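Let's take some labels people attach to a protein model and ask what earns each one. Here is the structure to look at while we go.

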Amino acid sequence: MKLYEGMSGKDRSPASDTGPQSNREQRRAPRAKLRVVVDRARASALVEEGRHLAASFQLERALERFEEASTLDADNEAIVLTMNGLQRKLVPRCHFAMLNDHERNQAFERALEIAIGGSPCTVLDVGSGTGLLAMMAARAGAGAVFTCESVVAIARLARRIIAENKLDHHISVIPKVSTDLVVGRDMPRRADLLVTETVDCGLLGEGILPIVRHAREKLLRPEAKIIPGRAKVCFQLLESDAVHRNNFAFEAGGFDVSLFNQVSTKTYFPVRLRAHPHAFLSPAAEAFEFDFERGPLDPRTCTVSVTTKQRGRVHGIAFWFELDLGRGVVLTNAPTNHQSHWMQAVQCFETPIDVERNQVVTVTCKHDDTSIRFSIA
């Protein structure tokens, strides 16, 4: 048998080394390397596009580019860290405190169990977050659950969490604000129950009033239940130089910096009151009550008279909410509740007001769709 030039029979490699399988592997290796090069080049292009989008504050679109780049170059730590930075800008860290607030979780679950009662009703959850309330509704026996989330990155995470818990056949995640939902397009029928936790420390800051108003008109059946069904806001006169200094500055290093107070918060901001020296100069009083299920939700103004308990300096108003979730289930971020992840709301006056003991102080309370304001006559 004729041999190739330069080879003898004893020089020939074993068949296992030169057979068709070995040749295929040799051909595959350059193609695999080329694929890696192409993927990394594509990832680099996506990263560059993502950076431009982030620089123009198009964070949702930027995150999509970085997520796609990470699938092409999974070991690139810079891509992973940049993607995480975008996620943190889009997803408030308060979600972690909220998820670990066991009192809040148990209260909403109990309220959903009571409201659903095992009936195959249709539930609308506004503000998906992780999908927790939607999953609680499904576990309580709801027939169908629709949950909407305005932040697309959060909506994507909610879908994955719901699927991981094997409830994706039961829950539909809609990446929209609730006021853009249309019955017949986004959900097949009006809901029997609305559950929403779109409240901040001062109750109204996340838009619960326009959300509920629109839902009652467009998304819910006339007899639908709402969780929370009612809420009220209570307040006290607050003395706390420490809290006041978190929002106003007048002198620093011997210089007058009071013009900077133009950018201080004019409404309210969250404060963990027990972390600061403070005193309440009046008993607690009620400013507003809200009936989410049936009552009017229009802007209001009222005046409340309170009598001071002691002499002092009123730096502002501290206030909080009480949520009535139904059948005696209540949640509050009152200063006495040290377990709540919600802080208290504080509105500071730029110029504090001195008061005497047993002085009657008239407080004007105003609210619009997203804020509450106080003033003292």
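Q: Where does Leu 34 lie?
A: Leu 34 sits in helix α2, which covers residues 20-55. Keep in mind that this is a predicted model.

Q: What makes Leu 34 count as exposed?
A: Exposed is the word for over 50% relative accessible area. Leu 34 has 53% relative accessibility, so Leu 34 counts as exposed.

Q: Which residues make a nonpolar surface patch with Leu 34?
A: Val 37 and Val 38 join Leu 34 there, and the patch comes to about 270 Å².

Q: How do you know that Arg 42 and Glu 68 form a salt bridge?
A: The cut-off is a side-chain nitrogen of Lys or Arg within 4 Å of a carboxyl oxygen of Asp or Glu. For Arg 42 and Glu 68 the N to O distance is 3.8 Å, so the pair makes it. Arg 42 belongs to helix α2 and Glu 68 to helix α3 (residues 59-72), so this bridge ties together parts that are 26 residues apart in sequence.

Q: Why are Arg 42 and Glu 68 called partly exposed?
A: That label goes to values between the buried limit of 20% and the exposed limit of 50%. Arg 42 has a relative accessible area of 41%, and Glu 68 has 36%, so both get the label.

Q: What lies between α2 and α3?
A: There's a loop, and Phe 57 lies in it. Phi of Phe 57 is near 65°, a positive value in a residue other than glycine.

Q: Why is Phe 57 called exposed?
A: Its relative accessible area is 72%. Exposed needs over 50%, so the label fits Phe 57.

Q: What makes α3 roughly antiparallel to helix α4 (residues 77-90)?
A: The two pack at an angle of about 150°, with their axes 9 Å apart. Angles over 145 degrees count as roughly antiparallel, so that is the word for α3 and α4. As for handedness, α3 passes α4 in a left-handed crossing.

Q: Why is helix α6 (residues 102-116) called oblique to helix α7 (residues 132-139)?
A: Their axes come within 9 Å and cross at roughly 40°. Roughly parallel would need an angle under 35 degrees, and roughly perpendicular starts at 65, so this pair counts as oblique. Here α6 passes α7 in a right-handed crossing.

Q: Is Leu 112, in helix α6, buried or exposed, and how do you know?
A: Buried means under 20% relative accessible area. Leu 112 has 0%, so Leu 112 is buried.

Q: What about Leu 219: buried or exposed?
A: Leu 219 is in helix α9 (residues 208-219). Its relative accessible area is 0%, under the 20% limit, so Leu 219 is buried. From its C-alpha atom to that of Leu 193, 26 residues apart along the chain, the separation is 9.9 Å.

Q: What makes Asp 291 and Arg 230 a salt bridge?
A: Their closest N and O atoms are 3.3 Å apart. The limit is 4 Å, so they qualify. Asp 291 lies in strand β11 (residues 285-291) and Arg 230 in strand β6 (residues 230-239), so the pair ties together parts that are 61 residues apart in sequence.

Q: How do you know that Arg 230 is partly exposed?
A: Arg 230 has 33% relative accessibility. That falls between 20% and 50%, so partly exposed is the right label.

Q: Which kind of peptide bond joins Ile 227 and Pro 228?
A: A cis one, with omega about 5°. Pro 228 lies in the loop between β5 (220-227) and β6.

Q: Why do Arg 245 and Asp 241 get different exposure labels?
A: Their side chains meet in a salt bridge at 2.8 Å, N to O. Arg 245 has 55% relative accessibility, over the 50% mark, so Arg 245 counts as exposed. Asp 241 has 40%, so Asp 241 counts as partly exposed.

Q: Which residues do salt bridges with shared partners join into one network?
A: Glu 49, Glu 64, Arg 65, Glu 67 and Arg 156.

Q: How many salt bridges does a search of the whole structure find?
A: The search finds 24.

Conventions. Residues are numbered from 1 along each chain as its sequence is written. This is a predicted model: local features need pLDDT of at least 70, side-chain atom pairs count only at pLDDT 80 or more; totals for chains, interfaces and linings use all residues. Side-chain values use heavy atoms; hydrogens and water are left out. Patches are made of residues with over 30% relative accessible area and no salt bridge: like charges are joined within 9 Å, nonpolar side chains (Val, Leu, Ile, Met, Phe, Trp, Tyr) within 5 Å. Accessible areas come from the Shrake-Rupley method with a 1.4 Å probe; for residues, only the protein chains shown count as cover. Helices (H or I, at least four residues) and strands (E, at least two) are DSSP runs, numbered from the N terminus. Buried means under 20% relative accessible area, exposed over 50%, partly exposed in between (1.4 Å probe, protein chains only). Axes are lines fitted to C-alpha atoms, for helices over the stretch in contact, and angles run from 0 to 180 degrees between N-to-C directions. Angles under 35 degrees count as roughly parallel, over 145 as roughly antiparallel, 65 to 115 as roughly perpendicular and the rest as oblique. A crossing is left-handed if the near helix is turned anticlockwise from the far one by less than a right angle, and right-handed if clockwise.
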